[in-house]
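Okay, thanks everyone, let's get going. I've got one model to walk you through today, so have a look at it first and then I'll talk.

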Amino acid sequence: MTTGTITAHAAGTWDLGDLSVNRLGFGAMRLTGSAAFHHGVPSRRDRSIAVLRAAVELGVNHIDTAAFYFSALRSANELINTALSPYADDLVIATKVGPHREYDGEWGTAARPDQLRGQVEENLRQLGRDHLDLVYLRRMGQDSIAEHFGALAELREAGLVRHLGISAVQPHHLAEARAIAPVVVVQNRYALDRPHPDADKLLRLCGEAGIAFVPFYAVAGDAGEHGATDAHDAEVLAVARAHDVTPAQIRIAWTLSQGPHVLAIPGTGNPDHLRENVAAGAVRLTEEELGRLNAVRGQGS
């Protein structure tokens with residue numbers, strides 16, 4: 001498969017409220033090092049900046065980030081600001097609030113509702129913006145998200161945030177949030193080899209309500225924050241050979257095939273992998289291939 005001229009437009013589009021994005025986006029977590037957070041080796045700043053600029057040149061107009069995406073030397077938000085500011089009018093930058101990391105990289109206490117404004121303002125400062133296009137409330141295990149989501153809804157009314165999403169949630173949290181303010185997107189862990197009934201139900205509920213569903217770790221699988229998995233089922237490898245693409249590209253294509261409301265945000269600090277990830281938006285799986293891959297999912301742990 002030739003990847004040189006394929007852009008993110010090949011994946012089609014979806015509307016996040018009044019913001020139209022290509023369904024093939026970019027996750028910024030891996031920009032800061034060879035693995036996420038404090039794992040791995042910090043990235044080369046010039047290479048990460050080049051990857052961001054190349055992503056936009058390839059039609060990516062949806063970037064997912066967070067203030068807590070940083071390594072010992074790199075901050076994803078700072079890299080985005082340096083590489084892409086002044087921002088294109090059609091570029092949508094999504095960020096997340098709720099979790100907190102200390103300067104040494106260790107996870108601290110999650111934000112209380114009254115602390116969310118400070119986290120939003122920190123993202124604004126790092127990104128060099130006067131408002132945020134999209135902010136997710138990243139749930140940190142609490143049973144109810146009403147108080148936290150209500151605090152974000154107030155920031156939306158104040159004009160600091162344009163649209164709201166929720167992340168790492170269960171189906172009842174979606175109903176809880178929607179009773180407070182519009183939800184344009186749900187971001188949950190979801191991968192070909194990681195079946196989970198809540199994730200499947202949320203994907204269906206979002207599709208029925210016209211809400212975007214954004215899987216994270218869709219390529220990484222069980223490897224999670226440590227990077228892309230190299231453990232691929234034989235069916236994934238066989239479908240990849242049939243299309244002359246990589247197994248990671250098949251995982252992205254399968255993700256996008258789960259519904260027109262599903263957006264992919266594969267992340268990388270490698271320019272070659274970036275081009276492959278974007279090109280995956282042009283891979284069209286047959287019904288027979290989808291059946292084989294879905295069978296793999298059914299056998300997952």
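I'll go through a hairpin, a helix, a buried asparagine, some salt bridges and then a few backbone oddities. Keep in mind that this is a predicted model.

Let's start with the hairpin. Strand S1 covers residues 13-16, and its partner is strand S2, residues 19-22. The two run antiparallel, with four bridges between them. If you want to get the register by eye, find threonine 13 and look across to asparagine 22 in S2. Now, which side chains of S1 are buried? Those would be Trp14 and Leu16, which share one face, while Thr13 and Asp15 point to the other face and aren't buried. That's the textbook pattern: in a regular strand, side chains alternate between the two faces of the sheet. The turn has two residues between the strands, and glycine 17 there has a positive phi, near 65°.

Next, helix H7, residues 234-243. Its buried residues are Val236, Val239 and Ala240. They span an arc of only 105° around the axis, so they end up on the same side of H7. The general rule behind that kind of spacing is that an α-helix has 3.6 residues a turn, so residues three or four places apart point the same way. What do the buried residues of H7 pack against? Two helices: H8, at 247-256, and H10, at 287-298. Flip to the face turned away from the buried side and you'll find Ala234, Arg241 and Ala242, which are exposed.

Both ends of H7 deserve a glance. At the start, a side-chain oxygen of aspartate 233 comes within 2.8 Å of the backbone nitrogen of glutamate 235. After the helix comes aspartate 244, with a positive phi near 55°. I'll come back to that residue.

Moving on to asparagine 77, in helix H2, residues 76-84. Buried or exposed? Well, asparagine 77 has a relative accessibility of 0%, so it counts as buried. So what does its side chain talk to? There's a polar contact with the side chain of glutamine 126, at 2.8 Å. Leaving out neighbours within four places in sequence, asparagine 77 touches Thr65, Ala66 and Ala67, and also Asn123, Gln126 and Leu127.

On to salt bridges, of which the structure has 15. I'll show three. The first one on my list is lysine 96 with aspartate 64, where N to O is 2.5 Å. Lysine 96 sits in strand S5, residues 92-97, and aspartate 64 in strand S4, residues 62-64, so this pair ties together parts that are 32 residues apart in sequence. And both partners, lysine 96 and aspartate 64, are buried.

Then there's arginine 112 with aspartate 114, with 3.0 Å between the closest N and O atoms. Arginine 112 is partly exposed, at 46% relative accessible area, and aspartate 114 is exposed, at 55%.

The last pair takes us back to H10, one of the helices that H7 packs against. Here arginine 292 bridges to glutamate 288, with the closest N and O atoms 3.2 Å apart. They're four residues apart within H10, about one turn of the helix. Arginine 292 is partly exposed at 25%, and so is glutamate 288, at 49%. What else joins in? Shared partners link Glu235, Glu288 and Arg292 into one network of salt bridges. You've met glutamate 235 already: its backbone nitrogen is the one that the aspartate 233 side chain reaches.

Last stop, the backbone oddities. As a reminder, most residues other than glycine have a negative phi, and most peptide bonds are trans. So where are the exceptions I'd like you to look at? One is the peptide bond between serine 85 and proline 86, which is cis, with omega about 0°. Proline 86 is in the loop between H2 and S5. Another is alanine 168, whose phi is positive, near 60°. You'll find alanine 168 in the loop between strand S7, 161-167, and helix H5, 171-178.

And, as promised, back to aspartate 244, the non-glycine residue with phi near 55°. Its place is the loop between H7 and H8. At 57% relative accessibility, aspartate 244 counts as exposed.

That's my tour, thanks for listening.

Conventions. Residues are numbered from 1 along each chain as its sequence is written. This is a predicted model: local features need pLDDT of at least 70, side-chain atom pairs count only at pLDDT 80 or more; totals for chains, interfaces and linings use all residues. Side-chain values use heavy atoms; hydrogens and water are left out. Buried means under 20% relative accessible area, exposed over 50%, partly exposed in between (1.4 Å probe, protein chains only). Two strands pair if DSSP finds at least two bridges between them. The arc is that of the directions from the helix axis to the C-beta atoms. Contact means heavy atoms within 4.5 Å. A polar contact is a pair of N or O atoms within 3.5 Å; within protein, one must be able to donate a hydrogen and the other to accept it, and residues adjacent in sequence count only if both atoms are side-chain atoms. A salt bridge is a side-chain nitrogen of Lys or Arg within 4 Å of a carboxyl oxygen of Asp or Glu.
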